[in-house]
Amino acid sequence: ARAQVEDHLSVYVEPTWMFNDSVGLYVKGAINRVRLNTLEAIGIGEDSSAYGNINVFGASYGIGFKAASPIGLFLKVEGVKTEYETFSLNSEN
């Protein structure tokens with residue numbers, strides 16, 4: 001199977017618990033959408049077939065750490081897991 005992924009979009013929230021003015025711990029939750037463009041097409045006489053394009057949705061969650069240095073540098077480290085829905089594509093022919 002061949003496909004192209006494009007237009008990935010994530011909307012997330014990131015509540016943070018600050019330990020002081022420059023160090024904090026946060027959790028992250030997100031809803032994701034990606035466009036899957038199928039590139040697979042079979043063109044063999046009566047057995048020709050093609051597959052449509054679809055949007056695939058998913059969710060992300062994780063935890064992270066953020067810190068700001070006195071000279072203005074900002075550091076952010078996180079671990080995030082993303083899972084997408086299961087899907088299947090069927091030929092229109």
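A residue counts as buried when its relative accessible area is under 20%, as exposed when that area is over 50%, and as partly exposed in between. Keep that cut-off handy for this tour of a predicted model.

**Stop 1: the whole chain**

Start with everything shown as a cartoon. You should find 7 strands and 0 helices, so the order from the N terminus is simply β-β-β-β-β-β-β. The protein has 93 residues, and buried ones make up 19% of them. Now think about contacts between residues at least 6 apart in sequence: 56% of these join residues at least 24 apart. You'll meet some far-apart partners shortly.

**Stop 2: the hairpin of β6 and β7**

Select residues 54-68, which are strand β6, and residues 74-84, which are strand β7. The two strands pair in the antiparallel sense, over 11 bridges. Zoom in on alanine 67 and look across to leucine 75, its bridge partner in β7. Then follow the chain round the turn: 5 residues sit between the strands of this hairpin. One of the residues in the turn is glycine 72, with a positive phi of about 95 degrees.

While you have strands on screen, here's a handy rule for looking at side chains. In a regular strand they alternate between the two faces of the sheet.

**Stop 3: glutamate 14**

Next, select glutamate 14 and show its side chain. Where does glutamate 14 lie? You'll find glutamate 14 in the loop between β1 and β2. Is glutamate 14 buried or exposed? Its relative accessible area is 19%, so with the cut-off at under 20% it counts as buried.

Now show what surrounds glutamate 14. Apart from neighbours within four places in sequence, glutamate 14 is in contact with Tyr26, Val27, Lys28, Lys66, Lys76 and Glu78. Two of the lysines on that list, Lys66 and Lys76, are where we go next.

**Stop 4: two lysines that meet glutamate 14**

Pick lysine 66 first. Its side chain meets that of glutamate 14 in a salt bridge, 3.3 Å from N to O. Why is this pair worth tracing along the chain? Lysine 66 is in strand β6 and glutamate 14 is in the loop between β1 (3-13) and β2 (16-18), so the pair ties together parts that are 52 residues apart in sequence. Both lysine 66 and glutamate 14 are buried.

Now add lysine 76. Its salt bridge with glutamate 14 has the closest N and O atoms 3.0 Å apart. Lysine 76 belongs to strand β7, so this pair ties together parts that are 62 residues apart in sequence. At 36% relative accessibility, lysine 76 is partly exposed.

**Stop 5: the ring of tyrosine 26**

Keep both lysines on screen and add tyrosine 26. The charged end of lysine 66 sits over the tyrosine 26 ring, 5.2 Å from its centre. Lysine 76 lies over the face of tyrosine 26 too, at 5.3 Å from the ring centre. If you go hunting for aromatic pairs as well, the count is 0.

**Stop 6: the remaining salt bridges**

How many salt bridges does the whole structure hold? A search finds 5. One of them joins glutamate 83 and lysine 81, with the closest N and O atoms 3.8 Å apart. Glutamate 83 is partly exposed, with a relative accessible area of 44%, and lysine 81 is partly exposed with 44% as well.

For a last view, select Glu14, Lys28, Lys66, Lys76 and Glu78 together: salt bridges that share partners join them into one network.

Methods. Residues numbered from 1 in each chain as written. Predicted model: local features only at pLDDT ≥ 70, side-chain atom pairs only at ≥ 80, totals over all residues. Heavy atoms only, no water. Phe/Tyr/Trp six-rings, centres within 6.5 Å; stacked < 30°, edge-to-face > 60°. Lys NZ or Arg CZ within 6 Å of the ring centre and 35° of its normal. Pairing = 2+ DSSP bridges. Helix = DSSP H or I, 4+ residues; strand = E, 2+ residues; numbered from the N terminus. Salt bridge = Lys/Arg side-chain N within 4 Å of Asp/Glu carboxyl O. Buried < 20%, exposed > 50% of the residue type's maximum accessible area, 1.4 Å probe, protein only. Contact = heavy atoms within 4.5 Å.
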